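User: I would like a close look at a single part of this structure, with its surroundings explained step by step. Please choose one helix and describe how it is packed.

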Amino acid sequence: MKRVAISLVVITALSTALYFGTKQAQRWKSTSVQQAVEQEQERWMVDVEKLKGEVKDLREELYSDTTMETHEQKVSEVLGTPEGIAQPASGEADGCSESEKRLISFFDYLGKKYPSDQAPQARFESALTRLASNPPEIVEKDLDTLALFRNIAHLYRTLGAKDIMAFKGFLDKEPDAVEAFLPDLYKVMTDSTCHQVVPAACTPEVETLYATYFLHTLSGRSYLLRRNSRYRILATYYAVRVLHRADQSGTNIYGVDVLKALESLQSDIALYKGLARQKEYLATLEEISASYRNR
């Protein structure tokens with residue numbers, strides 16, 4: 001009888017110890033897990049705050065006012081005259097002789113400041129001819145994987161590393177001058193009477209095709225997204241203008257919706273303060289938008 005009583009006491013004691021031991025272990029485990037979770041949450045909060053700070057810095061860098069020379073100052077420097085040449089007229093009916101003169105002076109300026117084995121104007125004209133002769137694919141949904149990769153690398157494959165690096169150097173070193181003379185380039189490329197700078201192969205159809213490539217295809221859009229904000233915005237702006245002209249002439253053969261690109265482009269230009277012609281760009285886009293609303 002004593003043995004039974006002792007056994008019961010031992011079993012009861014062990015059960016009690018096991019019960020309280022388990023409870024304590026659970027509390028320890030819970031506390032340990034909770035501490036680990038809290039520590040991880042603290043690390044996450046630190047990381048989140050750090051990312052917030054980095055995003056804030058990037059936004060301030062991207063959307064803050066940029067100290068840059070005015071167009072008139074840059075044009076005067078490029079053309080070597082104290083007063084420069086008047087800005088090109090925006091009217092489509094105006095002749096292109098002044099714009100051609102300005103562009104030729106711009107290429108001469110680049111050639112003297114950054115001498116290389118090929119004159120910038122000759123390199124530029126050669127590049128345009130090759131791009132016109134080897135257009136990208138537009139209907140990407142029908143392409144196989146290899147063809148899609150070729151489309152993504154279209155500019156590199158067509159121009160080659162040497163020309164790509166040369167043009168990239170000009171863009172990196174002369175961003176203000178490039179923006180200052182882009183209206184002239186747009187003028188001579190969209191005026192069929194201009195022949196001194198733009199090769200005959202660069203027809204309105206070719207220009208529309210490349211505008212479609214950049215705005216409407218995965219390859220073209222991904223290419224623009226890899227560029228810095230300034231050149232992405234400018235490329236999109238001029239592509240929209242080209243496609244708007246194509247809409248007006250009935251040659252927007254791929255049916256690209258220009259309005260779809262307009263809203264985000266207007267927002268980007270309004271926020272980005274590093275554009276000397278910001279107000280002009282916004283006014284032009286508002287005119288384009290109004291032309292679609294008033295149809």
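Analyst: The model is a predicted one, and this account follows helix H11. A pair of packed helices is described by two quantities, the angle between the axes and the distance between the axes.

The partner to begin with is H9. The axes of H9 and H11 lie 9 Å apart, and the packing angle is about 130°. The two helices are therefore oblique to each other, and H9 passes H11 in a left-handed crossing. On the H9 side, the contact is made by Glu207, Thr208, Ala211, Thr212 and Leu215, which meet Thr236, Ala239, Val240, Val242, Leu243 and Ala246 of H11. Sorted by class, this contact holds 7 nonpolar, 3 polar and 1 charged residues.

The next partner is helix H12, which spans residues 258-271. The axes of H11 and H12 come within 10 Å and cross at roughly 145°. Here too the crossing is described as left-handed. From H11, the residues Arg232, Ile233, Thr236, Tyr237, Val240, Leu243, His244 and Asp247 take part, and they meet Val258, Ala261, Leu262, Leu265, Asp268 and Ile269 in H12. This contact comprises 9 nonpolar, 2 polar and 3 charged residues. Among the residues of H11 listed here are Thr236, Val240 and Leu243, which also appear in the contact with H9.

The remaining partner to consider is H8, residues 175-190, which packs against H11, residues 229-249, at an angle of about 15° with the axes 12 Å apart. That angle makes H8 roughly parallel to H11. H8 passes H11 in a right-handed crossing. Pro175, Asp176, Val178, Glu179, Leu182, Pro183, Tyr186 and Thr190 of H8 meet Arg230, Tyr231, Leu234, Tyr238, Arg241, Val242 and Arg245 of H11. The residues of this contact divide into 9 nonpolar, 1 polar and 5 charged. Val242 of H11 takes part here and also in the contact with H9.

Finally, H11 has a part in the largest pocket. This pocket has a volume of about 1,600 Å³ and is lined by 46 residues. Phe124, Leu171, Leu185, Phe214 and Ala235 lie nearest its centre. The elements that give two or more residues to the lining include H8, H9 and H11, and also helix H3 (97-113) and helix H4 (120-133). By class, the lining consists of 38 nonpolar, 2 polar and 6 charged residues.

Definitions and conventions:
Residues numbered from 1 in each chain as written. Predicted model: local features only at pLDDT ≥ 70, side-chain atom pairs only at ≥ 80, totals over all residues. Heavy atoms only, no water. Axes fitted to C-alpha atoms, helices over the stretch in contact; angles between N-to-C directions. Helix = DSSP H or I, 4+ residues; strand = E, 2+ residues; numbered from the N terminus. Parallel < 35°, antiparallel > 145°, perpendicular 65-115°, else oblique. Left-handed = near helix turned anticlockwise from the far one by under 90°. Contact = heavy atoms within 4.5 Å. Nonpolar A, V, L, I, M, F, W, Y, C, P; charged D, E, K, R; others polar. 1 Å grid on protein atoms, 1.4 Å probe; cavity = no way out; pocket = protein on both sides within 12 Å on 5 of 7 lines; lining within 4 Å. Points joined across faces, edges and corners; volume = space filled by probe spheres on them.
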